[in-house]
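Here's a quick tour of the structure below, arranged by topic. Have the viewer open as you read.

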Amino acid sequence: MIFEMHCHTRYGSSCSYMSPEEMARRAVKVGLDGICITEHDIPWEKDAARRLSDQFGILVIGGMEVSTAYGEILVWGLHESVLDMEDIHDLRRRVDRTGGVMVVAHP
């Protein structure tokens, strides 16, 4: 499978101009099997991702790009807002409790 694992929409990140629908449409056009929408510090809603998946025929999942004192971290499996997160060790504990995964966004 070919996936985009780090992308934003205009609704959750000021660095994007695309709507979720336009992002999914372009993903299909370039031949991706799926996308992971990783908005800044807020989780993507599971129902919204499911609707996009159904509408465009690709797998859409949600993640987050979390701002910490050590830089931005991509997180999957954590479904709660982390607007208050600065401590990367606290983030690690929260992600571990959910069985999630985290990696550096911009190494």
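Let's settle one term up front: a contact here means heavy atoms within 4.5 Å. This is a predicted model, in which local features need pLDDT of at least 70 and side-chain atom pairs count only at pLDDT 80 or more, while totals for chains, interfaces and linings use all residues. Residues are numbered from 1 along each chain as its sequence is written, and side-chain values use heavy atoms, with hydrogens and water left out. Helices (H or I, at least four residues) and strands (E, at least two) are DSSP runs, numbered from the N terminus. Buried means under 20% relative accessible area and exposed means over 50%, with partly exposed in between (1.4 Å probe, protein chains only).

**Helix α3 and what it sits on**

- Which residues of α3 are buried? In this helix, spanning residues 88-98, they are Ile88, Leu91, Arg94 and Val95.
- These four sit on the same side of α3 because they cover an arc of only 120 degrees around the axis; the arc is taken from the directions from the helix axis to the C-beta atoms.
- The general rule behind such patterns is that an α-helix has 3.6 residues a turn, so residues three or four places apart point the same way.
- The buried residues of α3 pack against three strands: β3 (59-68), β4 (71-76) and β5 (101-104).
- At the start of α3, a side-chain oxygen of aspartate 87 comes within 2.7 Å of the backbone nitrogen of histidine 89.
- Just after the helix, glycine 99 has a positive phi of about 75 degrees.

**Strand pairing**

- β3 and β4 run antiparallel and are joined by five bridges; two strands count as paired if DSSP finds at least two bridges between them.
- The hairpin from β3 to β4 goes through two residues, and threonine 68 stands opposite glycine 71 in β4.
- β4 also pairs with β5, again in the antiparallel sense, over four bridges.
- In that second pairing, tryptophan 76 faces valine 101 of β5.

**Nonpolar cores**

- A nonpolar core is a set of buried Ala, Val, Leu, Ile, Met, Phe, Trp, Tyr and Cys residues joined through side-chain atoms within 4.5 Å.
- The largest one has 15 residues, and those with the most contacts inside it are Met23, Ile35, Ile37, Trp44, Leu52, Ile58 and Val60.
- Elements giving two or more residues to this core are α1 (20-29), β2 (34-40) and α2 (46-56), and α2 has the largest share, with four residues.
- A second, separate core of eleven residues includes Val66, Ile73, Leu78 and Met85.
- Valine 60 is in contact with Ile35, Ile37, Ala49, Leu52 and Ser53, leaving aside neighbours within four places in sequence.
- Serine 53 belongs to helix α2 and counts as buried because its relative accessible area is 15%.
- With neighbours within four places in sequence left aside, serine 53 is in contact with Ile58, Leu59 and Val60.

**Loops worth a click**

- Where is threonine 9? It lies in the loop between β1 (3-7) and α1, buried with a relative accessible area of 0%.
- Not counting residues up to four places away in sequence, threonine 9 touches Ser16, Met18, Ser19, Pro20, Met23, Ile37, Glu39 and Trp44.
- The side chains of threonine 9 and glutamate 39 are joined by a polar contact of 2.4 Å. For that term, read a pair of N or O atoms within 3.5 Å; within protein, one must be able to donate a hydrogen and the other to accept it, and residues adjacent in sequence count only if both atoms are side-chain atoms.
- Aspartate 41, in the loop between β2 and α2, has a phi near 65 degrees, a positive value in a residue other than glycine. Aspartate 41 is buried, at 13% relative accessible area.
- Valine 30, in the loop between α1 and β2, counts as exposed because its relative accessibility is 63%.

**Cysteines**

- How many disulfides does the structure hold? Zero, where a disulfide is a pair of cysteine sulfur atoms within 2.5 Å.
- Cysteine 7 is in no disulfide, and the nearest cysteine sulfur, that of cysteine 36, is 6.9 Å away, which is too far for a bond.
- Cysteine 7 is buried at 10% relative accessibility, and cysteine 36 is buried at 0%.
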